[in-house]
Number of protein chains: 2
Amino acid sequence: MQIAILAHEKFPDRAKTALGVLRYADYDVEAVLDRDSAGSRVQDHVSDVQDAPIVEGMDDVGDVDALLIGIAPIGGGFDESWREDVRTALERGCDVISGLHFFLAEDEEFAALAAENDCELWDVRKPHDELTVADGVAGDVDAEVILTVGTDCSVGKMTVSMELARDARDAGYDAAVIPTGQTGIMIEGWGNPIDRVVSDFTAGAVEEMILEKGDEHDYLFVEGQGSIVHPAYSAVTCGILHGSMADQLVLCHEAGKEAIHGYEDFELPSIQSYVDLYEDLAEPVADATITAGALNTSHLEDDEARQAVDEYAEELGAPASDVIRFGTDDLLEELLE
Amino acid sequence: MQIAILAHEKFPDRAKTALGVLRYADYDVEAVLDRDSAGSRVQDHVSDVQDAPIVEGMDDVGDVDALLIGIAPIGGGFDESWREDVRTALERGCDVISGLHFFLAEDEEFAALAAENDCELWDVRKPHDELTVADGVAGDVDAEVILTVGTDCSVGKMTVSMELARDARDAGYDAAVIPTGQTGIMIEGWGNPIDRVVSDFTAGAVEEMILEKGDEHDYLFVEGQGSIVHPAYSAVTCGILHGSMADQLVLCHEAGKEAIHGYEDFELPSIQSYVDLYEDLAEPVADATITAGALNTSHLEDDEARQAVDEYAEELGAPASDVIRFGTDDLLEELLE
């Protein structure tokens with residue numbers, strides 16, 4: 001599928017979804033829309049993702065199947081300066097894919113244009129309707145289920161899941177990702193936004209995805225969310241932990257982080273506390289153990305990063321890596337049997 | 001407020017909501033509707049709740065302000081054999097209060113009748129619209145926050161919260177209940193059905209209620225839900241634990257229970273494991289300790305019950321009681337300073 005990615009005024013540093021899609025998705029990205037960087041190319045800014053021209057707007061984009069909204073303003077609303085590009089895409093018969101809190105399908109003009117031009121508005125944050133409570137059977141699937149868990153939000157759980165699954169596939173293993181957040185869903189082209197489901201169905205929504213894929217693959221890498229001690233988001237984390245009935249956990253952390261992002265009054269517990277909490281909480285439902293660690297060292301120099309990863313591995317008593325900086329070999333050797 | 005309670009064919013043993021309202025709510029119950037027991041009285045069946053005549057249907061009920069649906073079929077749907085009573089209530093200008101999954105306000109006939117007769121359809125399972133994520137500030141309120149937590153669903157958390165709050169008030173303390181489930185909400189006349197909110201807002205919905213009441217009272221008894229190791233419902237439990245930022249926890253258990261109800265493959269961990277899990281999981285967000293226990297011994301003889309409670313207190317290292325059988329004195333002495 002050929003797509004364009006909208007990232008006005010935010011590419012690349014504030015365009016996490018756009019970067020995730022450029023790095024991991026199977027789409028052919030024909031262009032990135034950013035009126036601030038038009039005329040340059042993706043690889044002028046970021047080296048390790050697929051390249052594409054950066055253009056002013058949809059009028060400068062050739063044939064594509066879909067326009068994907070690759071940024072999100074604070075609050076998740078729709079920025080009216082994007083309307084012309086979305087309108088043009090729909091008029092040309094392109095689908096539009098969005099992970100905004102604001103649902104494009106509920107916008108009258110977009111709904112009418114989509115109907116008129118026979119194209120789809122895919123709001124990935126909208127959970128599907130037939131969810132229900134978990135049956136406690138995710139553990140019955142054939143696949144080994146490997147869940148990324150974290151010490152906080154935004155420490156790299158999505159990235160780690162994607163890197164591990166891709167490298168496992170490259171090494172000849174049959175591995176798939178279970179996407180639970182909007183970027184993961186856009187990359188994989190399916191999934192359920194677990195933070196948007198009814199709270200009673202949190203575990204059930206994860207279980208449903210595990211059951212759907214668990215007998216088709218040998219390894220499932222489940223994208224985790226939040227942290228088990230996050231003052232706001234721990235419910236989602238707990239539901240994913242029990243709903244996935246994971247066999248192995250990969251603890252994701254950012255080097256040097258000491259407090260919960262946005263909740264600075266709350267200090268992070270020790271790494272050992274996280275290990276005990278995740279394992280002890282999982283145990284009555286599924287015997288999951290933390291068998292590897294992933295450390296985000298992006299703000300450190302190379303030699304500091306190496307040392308930080310080594311210390312993290314020692315704290316965990318398990319192999320660790322910064323998967324972007326040092327690759328996934330050490331982790332996959334432990335995770336894949 | 002004067003009400004009638006609909007409990008057709010299920011009073012009293014399969015009418016948990018009706019019994020809760022009869023036992024704890026401030027409403028004057030004028031009649032219970034149960035076509036199977038019509039002609040008898042509530043106290044012919046249950047001795048420790050307010051009395052009322054049991055009648056065939058709304059035509060046999062005098063002046064009331066509201067009809068409350070006091071039963072729920074499996075699945076939470078609307079039983080069409082109740083339609084005539086709901087219709088009659090609305091035609092007479094009574095509000096109708098329902099905790100069904102099926103929303104009365106979405107029934108065309110009921111919506112039209114309610115509009116016509118200027119009365120309200122209150123679907124208590126429908127969360128209000130302006131929920132958001134928690135700020136991690138429930139701990140800032142003046143009140144001491146006491147949360148009931150459980151080893152499983154249906155072990156008495158709602159009952160224990162209600163008994164403790166009532167007896168504390170009777171002893172002269174300023175105590176209120178924070179209701180989180182449909183029966184609690186019906187009893188208190190306000191609240192938020194935490195199991196129906198968007199999972200990202202689970203903690204936030206609890207925090208909102210704590211902030212609303214926390215500076216008006218000295219003690220808040222928060223109605224807990226589920227269990228932290230429940231394969232389906234743990235997300236809700238975790239969100240309430242962190243969202244309430246409780247000071248004290250009361251661990252509720254049913255004597256002799258060995259497996260999770262409806263999920264019999266999952267054994268209950270030891271009582272000590274529950275204590276450690278709840279306290280360790282709470283700790284990074286709020287320093288909550290289990291200071292008392294409540295044991296449901298309803299299926300035991302008196303002497304067995306006494307022994308079971310004593311053993312439970314010993315396991316917990318804290319005072320314990322069956323609050324229905326042996327009262328709340330020992331617990332309140334510990335919980336209220």
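This report describes how two chains of a predicted model relate to each other and how one pair of helices meets between them.

Because this is a predicted model, local features need pLDDT of at least 70 and side-chain atom pairs count only at pLDDT 80 or more, whereas totals for chains, interfaces and linings use all residues. Residues are numbered from 1 along each chain as its sequence is written, chains are lettered from A and ligands numbered from 1 in the order in which they are written, and side-chain values use heavy atoms, with hydrogens and water left out.

Chain A averages a pLDDT (the predictor's confidence in each residue, from 0 to 100) of 96, and 100% of its residues score at least 70. The model has an ipTM of 0.95 and a pTM of 0.95.

A turn of 180° with a shift of 0.0 Å along the axis lays chain B on chain A with an RMSD of 0.0 Å, the copies being superposed by least squares on the C-alpha atoms of residues with pLDDT of at least 70 in both. That is the relation of a two-fold axis. The same surface serves both copies, since 100% of the contact residues of chain B (contact means heavy atoms within 4.5 Å) recur in chain A.

Helix 8 of chain A and helix 8 of chain B (helices are DSSP runs of H or I, at least four residues, numbered from the N terminus) pack at an angle of about 150°, with their axes, lines fitted to C-alpha atoms over the stretch in contact, 7 Å apart. The two helices are therefore roughly antiparallel, a term for angles over 145 degrees on a range from 0 to 180 degrees between N-to-C directions.

| Helix | Residues in the contact |
|---|---|
| Helix 8 of chain A | A:Ser234, A:Ala235, A:Cys238, A:Gly239, A:His242 |
| Helix 8 of chain B | B:Ser234, B:Ala235, B:Cys238, B:Gly239, B:His242 |

The residues of this contact divide into 4 nonpolar, 6 polar and no charged, where Ala and Cys are among those counted as nonpolar, Asp, Glu, Lys and Arg count as charged, and the others, including Gly, as polar.

How values were computed:
Angles under 35 degrees count as roughly parallel, over 145 as roughly antiparallel, 65 to 115 as roughly perpendicular and the rest as oblique.
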